[in-house]
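Biologist: Could you take a close look at one part of this model for me? I'd like to hear about the empty space inside, and about whatever packs around it.

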Amino acid sequence: MIDQFINFVIRPPRADYNPDQFLWEKEFSLGGRKYKREDFELKNERGHTLRCSHYTPSSFPDGAPLPCVIYCHGNSGCRADANEAAVILLSSNITVVTLDFSGSGLSDGDYVSLGWHEKDDLKVVVSHLRSNLKVSRIGLWGRSMGAVTSLLYGAEDPSIAGMVLDSAFSNLFDLMMELVDVYKIRLPKFTIKVAVQYMRHVIQKKAKFDIMRLNCLQVSPKTYIPALFGHAKDDKFVQPHHSDLIYKSYAGDKNIIKFDGDHNSSRPQFYYDSVSIFFYNVLHPPGISPTKSKIEKYYDLGDIKVSAGMDENLLYEIIAALRNVPSDTASSSSVPPSISTAKSGGELLADIAPIASLNDPLINGEELNGHATPQTEDKQGGENEDCYSCTSSNRESWGRCSSLGSDDEITTDFVDAASGNQSTVDVLATPLRDNHHTALDSSKDNGKKKAAQITKKSKREKFEKLEALSQRLRLCFQKRINHRRYSSS
């Protein structure tokens, strides 16, 4: 049993794979852009050959250097674990390097050290990238053993721009003692401590590291690199309190995200969105639009010109995803949702996300008390010149966007601003208008009070939904993020 536990630490199952089958192709396309995979080999300080891959655009924009993220796999992982990271980051002009650590995958070496020697392998890769004139800033993304490796190396190299640390353990000895309880090894604690001391001696002899010294809590108070922590709530292997301990003692800028799942489960889409935004902020890839004002942040989707050469297939995919995803969660399905292509991309965009007018009552609150102002009465009567046409970003279609699929239908008249003709269309009723009509039908005294409360709540919900929608659309169009989940080996 002790020998099995030793192998569990330093010789877990090793990934044996064919790079041409399990990695991205030498030349491939994502979102209409062409990329390539460059394989290379490096030697670490112990003389082991490290097999590495670098995913880059086929042609660099304007010849400018691009930032790079090094993906660090877990104790039984390999380069194929970075396939998903490549999908997330490449479309953002961030290149991705991944490697098989010594003792893992196709690299040399017989044992892993759960981060102790792996940090030296990571140092070799970082040095190689520093000598590459096409690489600017460098970030680290590690999972499990890879997260510990990134943290141990980051404590020695403050030039790293940022780190994503997924499911790191705080202390190897504490982790081993917890696993005894998880796997219900029924032995007296005194016997277990003696066994651990024996394991420490054997591991030190075979893998050349001391399990008692592998402690992230000793380096986290001295590390100032911006970090994003992530951990699954139901992780039984490395329990969530490990990340909590590291997070509390970490000295640099930090944030932590908890999500459903276990140690080896697929991560949810909102977590990958957070990782993408984090690396945007710390790596500053080229081609990113400047930050906009608060009003533009919520309502301006940028210079979206579907007829100016934009790939409408990408537009269909984004709109289909928005229609199938609730406003308070994100899908992690790898199967792209289906959508009818009977409408053009421009019509679908007008349906799903029209730009709100700054004079809309949801912004200025003039109609929220149940009484229309003279200006709005003129618009309803058709006397105001700023009438909304059926093809414009009218209030009803904007309300349909914020309600995200109400089943109630109402018939509304619109005035064509150009011809003055009046036409009737069926639109989906928004919660705001349903509440408004209910208030009018109820008694005046109780109705006005109830309508004000309901309308206030509806306004807040619409703002929240619009904020999430506008941020997602801006990322999809302006920054060309098209997140798809691909299964690694």
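How many cavities of 30 Å³ or more does the structure hold?

Modeller: Bear in mind that this is a predicted model. The structure holds four cavities of that size, 30 Å³ or more. Let's go for the largest cavity, which comes out at a volume of about 140 Å³. It is lined by 14 residues, and those closest to its centre are Phe8, Asn75, Leu114, Leu175 and Phe237. If you sort the lining by class, you get 12 nonpolar residues and two polar ones, with no charged residues. Two elements give two or more residues to this lining: helix 1 and helix 6 (172-182). Helix 6 gives the most, with four residues.

Now for helix 1, since it also has a packing partner in helix 7. Helix 1 covers residues 2-10 and helix 7 covers residues 189-207, and their axes sit 10 Å apart at an angle of about 50°. That angle is neither under 35 degrees nor in the 65 to 115 range, so the two helices count as oblique to each other. As for handedness, the crossing of helix 1 and helix 7 is right-handed. On the helix 1 side, the contact is made by Ile2, Phe5, Ile6, Val9 and Ile10. Helix 7 meets them with Ala195, Tyr198, Met199, Val202, Ile203, Lys206 and Ala207. By class, this contact between helix 1 and helix 7 has 11 nonpolar residues, no polar ones and one charged.

Methods:
Residues are numbered from 1 along each chain as its sequence is written. This is a predicted model: local features need pLDDT of at least 70, side-chain atom pairs count only at pLDDT 80 or more; totals for chains, interfaces and linings use all residues. Side-chain values use heavy atoms; hydrogens and water are left out. Axes are lines fitted to C-alpha atoms, for helices over the stretch in contact, and angles run from 0 to 180 degrees between N-to-C directions. Angles under 35 degrees count as roughly parallel, over 145 as roughly antiparallel, 65 to 115 as roughly perpendicular and the rest as oblique. A crossing is left-handed if the near helix is turned anticlockwise from the far one by less than a right angle, and right-handed if clockwise. Contact means heavy atoms within 4.5 Å. Ala, Val, Leu, Ile, Met, Phe, Trp, Tyr, Cys and Pro count as nonpolar, Asp, Glu, Lys and Arg as charged, and the others, Gly among them, as polar. On a 1 Å grid over the protein atoms alone, a cavity is a set of points where a 1.4 Å probe fits but cannot get out, and a pocket is an open set with protein on both sides within 12 Å along at least five of seven lines; lining residues have an atom within 4 Å of a point. Grid points are joined across faces, edges and corners, and a volume is the space filled by probe spheres set on the points.
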